[in-house]
Amino acid sequence: MSKILINTMSLSCGGGQKVAWNILRKILERINSGTDANTYCFLCNADSDLCKMLKERNAENIYAVRVHNPVMRILWEIFCANKLFNRIKPDIIYSIFGYPIFSRKFLSVIGEADSNLFYPEINFWQHITGISLLKRHLVDRFRIKMMFRADGIIFENEAIFRRVPQIFPRLSAQICFIQPAIEKKISNAEPLLPDPKSPDIRLLLLCSWQLNKNIMILPQILAEIKRKGYTPHLFFSVNADDTNPVAKEFYGEAAKYAVEENISYLGTVPPSQLETVYNKTEQILLLSQLESFSNNIIEAWCYQKALVISDLEWSRSIVGDSAAVFVDRDNVHSIADAIIHLHTDPEYYRKTVTAGKEKLLSYPDASNQVDQILSFLMRVMEKKRSKEK
């Protein structure tokens with residue numbers, strides 16, 4: 001029997017939190033069923049939905065720490081975490097996502113999702129300049145240094161997993177590839193979803209103000225669809241009144257192309273509302289330059305919606321050849337044409353959705369994913385024990 005500390009301190013929003021949501025639920029099911037001999041502890045941000053969920057499900061051994069930003073979290077891990085871990089005495093710490101900033105004397109496995117670290121040939125920060133660019137590069141160097149502190153690393157994208165021996169040969173002996181999983185039914189709370197006036201094409205983009213997602217091209221795409229005689233509507237999971245520079249630029253682009261009425265801003269969509277949001281849309285957009293993985297992919301398949309995605313190495317690795325419509329992420333006209341084709345050709349739409357459903361069968365369910373994670377944790381612990389003998 002081992003004591004396993006599940007660390008979700010770095011997760012308070014976004015896709016990583018949804019991944020952690022499924023993993024934690026399945027671990028709690030294992031605990032409650034009495035089928036798992038391990039002892040589990042949970043470290044989480046006190047303000048996160050994950051912490052709330054653990055408490056609502058009466059999980060034991062919850063250690064909730066209130067940190068309001070990444071800097072506070074890093075300072076806590078440097079100056080306070082070791083004291084807590086010395087008290088808990090875990091056999092291994094599994095950070096679902098994040099890095100082992102705490103002492104190296106604690107055995108550590110991490111989930112790795114910073115895709116740009118493994119594609120050095122891509123200028124990932126091309127939209128950033130000056131001090132902001134310097135900060136990004138320093139953060140990346142810090143992440144690489146912390147990655148080497150881990151005793152095991154779990155990758156969720158096979159293309160990135162295959163790149164590791166080329167980019168970071170020293171990591172080759174401690175890596176593992178485990179596909180993500182999804183469970184369709186969490187709950188089905190009804191969100192306050194806007195109901196635009198009879199659009200022809202309902203599009204969904206679930207992300208924050210991330211330039212990597214190619215969000216600035218969206219107003220042009222909507223305008224091009226309108227020019228070709230169709231009425232599109234984009235449901236976008238950000239706020240309509242954000243004040244950050246990227247948001248202001250996006251609002252300006254929407255006004256420039258006269259598509260303000262073709263966009264609804266949903267704000268953050270919690271896991272409990274995902275099914276309703278997906279069911280009220282037709283096509284899912286994912287025009288990223290790089291992704292380690294995106295829940296949008298398997299959610300589109302799960303909720304039987306057509307997926308329009310960047311035609312790049314990372315996406316082909318996840319999707320295969322037919323489970324989505326691949327587009328040149330920088331070509332407004334081809335993206336608009338692909339969206340219109342899906343809308344006007346029911347058989348093409350059906351084949352795309354069917355291919356997605358079939359591809360989803362190759363992915364593990366959440367229980368199997370947790371089995372694979374725990375198996376890897378056990379191998380890492382056994383490796384350490386063998387070295388100590």
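1. In this predicted model, strand 9, which covers residues 232-236, runs parallel to strand 10 and is joined to that strand by 3 bridges. One pair can be named: Phe235 has Ser264 of strand 10 as its bridge partner.

2. These two strands belong to an open sheet of 6 strands, whose order is 10-9-8-11-12-13 and whose pairing is parallel. At its edges lie strand 10 (263-265) and strand 13 (325-327), each of which pairs on one side only. If direction is ignored, neighbouring strands of this sheet are turned by 25° against each other on average.

3. Helix 13, made of residues 346-360, packs on the sheet and touches strand 11 (283-286), strand 12 (306-310) and strand 13. The direction of helix 13 makes about 80° with that of strand 12.

4. The largest nonpolar core has 49 residues, and those with the most contacts inside it are Phe118, Ile297, Trp301, Leu307, Ile309 and Val319. Helix 10 (residues 295-302) supplies the largest share of this core, namely 5 residues. Apart from this core lies another, of 37 residues, among them Ile225, Phe250, Val325 and Ile335.

5. Val319 is a useful residue to follow on the screen. Leaving aside residues up to four places away in sequence, Val319 touches Ile297, Trp301, Leu307, Ile309, Ala324, Phe326 and Lys359.

6. Glu224, which has its place in helix 7 (residues 218-227), deserves a separate look. Is Glu224 buried or exposed? Glu224 counts as buried because its relative accessibility is 7%, and the cut-off for buried is under 20%. The side chain of Glu224 makes a polar contact with the side chain of His333, at 3.1 Å. When residues up to four places away in sequence are not counted, Glu224 touches Val332, His333 and Ala336.

7. Two backbone angles should also be checked. Most residues other than glycine have a negative phi. Asn58, although it is not a glycine, has a positive phi of about 60°, and Asn214, also not a glycine, has a positive phi of about 60°.

8. The surroundings of these two asparagines can be described in turn. Asn58 lies in the loop between helix 2 (49-56) and strand 3 (62-65), and with a relative accessible area of 66% Asn58 is exposed. Asn214 lies in the loop between strand 8 (201-205) and helix 7, and with a relative accessible area of 13% Asn214 is buried.

Notes
Residues numbered from 1 in each chain as written. Predicted model: local features only at pLDDT ≥ 70, side-chain atom pairs only at ≥ 80, totals over all residues. Heavy atoms only, no water. Core = buried A, V, L, I, M, F, W, Y, C linked by side-chain atoms within 4.5 Å. Buried < 20%, exposed > 50% of the residue type's maximum accessible area, 1.4 Å probe, protein only. Helix = DSSP H or I, 4+ residues; strand = E, 2+ residues; numbered from the N terminus. Contact = heavy atoms within 4.5 Å. Pairing = 2+ DSSP bridges. Axes fitted to C-alpha atoms, helices over the stretch in contact; angles between N-to-C directions. Polar contact = N/O pair within 3.5 Å; in protein donor to acceptor, adjacent residues only side chain to side chain.
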